[in-house]
Amino acid sequence: EITPVSITGPGEPMAQPDRTLQALIALREAFPELALRLSSNGLGLAEHAETLARLNVGLVTLRAHAASVESLGRLFAWIRPGVRTLPMNLAAGAMLAAQVLAVQALHKQGLKVKVHGLLVPGLNEAEMEPLARIMAEAGASCMHVHPFAPFAGAPEDARPPTAGDLA
């Protein structure tokens with residue numbers, strides 16, 4: 001028995017919403033009782049909230065790692081809201097706005113939204129509390145903060161949190 005099924009990545013599932021929604025529709029038709037989930041960075045998500053509710057997606061995980069344009073600019077090499085990459089200050093602002101709108105729209109449709117924040121000491125540790133407050137006010141039901149683990153291509157000054165960082 002498989003349950004739940006989560007649509008995540010690699011990449012952003014809502015970058016190609018037609019494909020993602022068709023996959024969710026096919027899953028719902030084939031397995032009416034199956035628990036469906038979606039993980040997204042929020043770009044392009046708000047406009048599909050009604051469809052996701054109609055498909056009875058039980059949980060949407062929003063990957064949100066900062067509450068400011070400056071911090072997002074340090075965390076991401078690029079952000080592509082739509083079909084072209086924008087200058088970071090514009091793209092980060094678009095992402096932050098889209099994330100709040102997505103949580104509000106999903107909450108309005110009765111969907112449960114969990115925020116997944118990534119803690120990167122020296123880059124965004126001061127952002128977790130304001131981010132949690134913003135997302136809670138928008139309608140998120142919970143927020144999980146996960147410690148950063150280094151990977152190829154990560155910012156050079158990024159490091160995993162110490163026990164003191166997590167206290």
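# A walk through the model, starting at helix 4

Let's begin with helix 4, where A91, A92, M95, L96, A98, Q99, A102, V103, A105 and L106 are buried (buried means under 20% relative accessible area, exposed over 50%, and partly exposed in between, using a 1.4 Å probe and protein chains only). Helices here are DSSP runs of H or I with at least four residues, strands are E runs of at least two, and both are numbered from the N terminus. What you're looking at is a predicted model, in which local features need pLDDT of at least 70 and side-chain atom pairs count only at pLDDT 80 or more, while totals for chains, interfaces and linings use all residues. Residues are numbered from 1 along each chain as its sequence is written, and side-chain values use heavy atoms, with hydrogens and water left out.

What covers those buried residues of helix 4? The cover includes helix 2, strand 3, helix 3, strand 4 and helix 5, where contact means heavy atoms within 4.5 Å. Helix 4 has 21 residues, which should span 30 Å at 1.5 Å a residue, and its end C-alpha atoms are indeed 30 Å apart (the expected span is 1.5 Å times one less than the number of residues). Just past the end of helix 4 sits G110, with a positive phi of about 85°.

Now follow helix 4 to its neighbour, helix 5. Their axes come within 8 Å and cross at roughly 35°; axes are lines fitted to C-alpha atoms, for helices over the stretch in contact, with angles running from 0 to 180 degrees between N-to-C directions. Helix 4 brings Q99, V100, V103, Q104 and H107 to this contact, and helix 5 brings I134, M135 and A138. Sorted by class, that makes five nonpolar residues, three polar ones and no charged ones. For this sorting, Ala, Val, Leu, Ile, Met, Phe, Trp, Tyr, Cys and Pro are nonpolar, Asp, Glu, Lys and Arg are charged, and the others, Gly among them, are polar.

Helix 5 itself has M128, L131, M135 and A138 as its buried residues. Looking down the axis of helix 5, you'd see them fall within an arc of 125° or less, namely 95°, so they line one face of the helix (the arc is that of the directions from the helix axis to the C-beta atoms). There's a general reason to expect such faces: an α-helix has 3.6 residues a turn, so residues three or four places apart point the same way. On the face of helix 5 turned away from its buried side, you'll find the exposed residues E129 and E137. The buried ones pack against strand 3, helix 4, strand 4 and strand 5 (142–147). After helix 5 comes G139, with a positive phi near 125°.Helix 1 tells a similar kind of story. It has 14 residues and reaches 20 Å from its first C-alpha to its last, close to the 20 Å expected at 1.5 Å a residue. T20, L21, L24, L27 and R28 are buried in helix 1. Seen down the axis of helix 1, its buried residues fall within an arc of 125°, so they line one face of the helix. D18, R19, E29 and A30 are exposed on the face turned away from that buried side. As for partners, the buried residues of helix 1 pack against strand 1 (5–7), strand 2, helix 2 and strand 3.

Next, step inside. The largest nonpolar core has 29 residues, and those with the most contacts inside it are L24, L45, L52, V57, L106 and M135. A nonpolar core, by the way, is a set of buried Ala, Val, Leu, Ile, Met, Phe, Trp, Tyr and Cys residues joined through side-chain atoms within 4.5 Å. Which elements supply at least two residues of this core each? They are helix 1 (17–30), strand 2 (36–40), helix 2 (49–54), strand 3 (57–63), helix 4 (88–108), strand 4 (112–119) and helix 5 (128–138). Another core, of 15 residues, lies apart from it, with A66, M95, A154 and A158 among its members.

A few single residues round off the tour. V113 is in strand 4 and counts as buried, at 0% relative accessibility. Not counting residues up to four places away in sequence, V113 touches V60, L62, V103, L106, A140, S141 and C142. N56, by contrast, is exposed, with a relative accessible area of 51%. You'll find N56 in the loop between helix 2 and strand 3, and it has a positive phi of about 60° although it is not a glycine. Finally, P81 lies in the loop between helix 3 (69–75) and helix 4. P81 and L43 are 38 residues apart in sequence and 6.1 Å apart in space, C-alpha to C-alpha.
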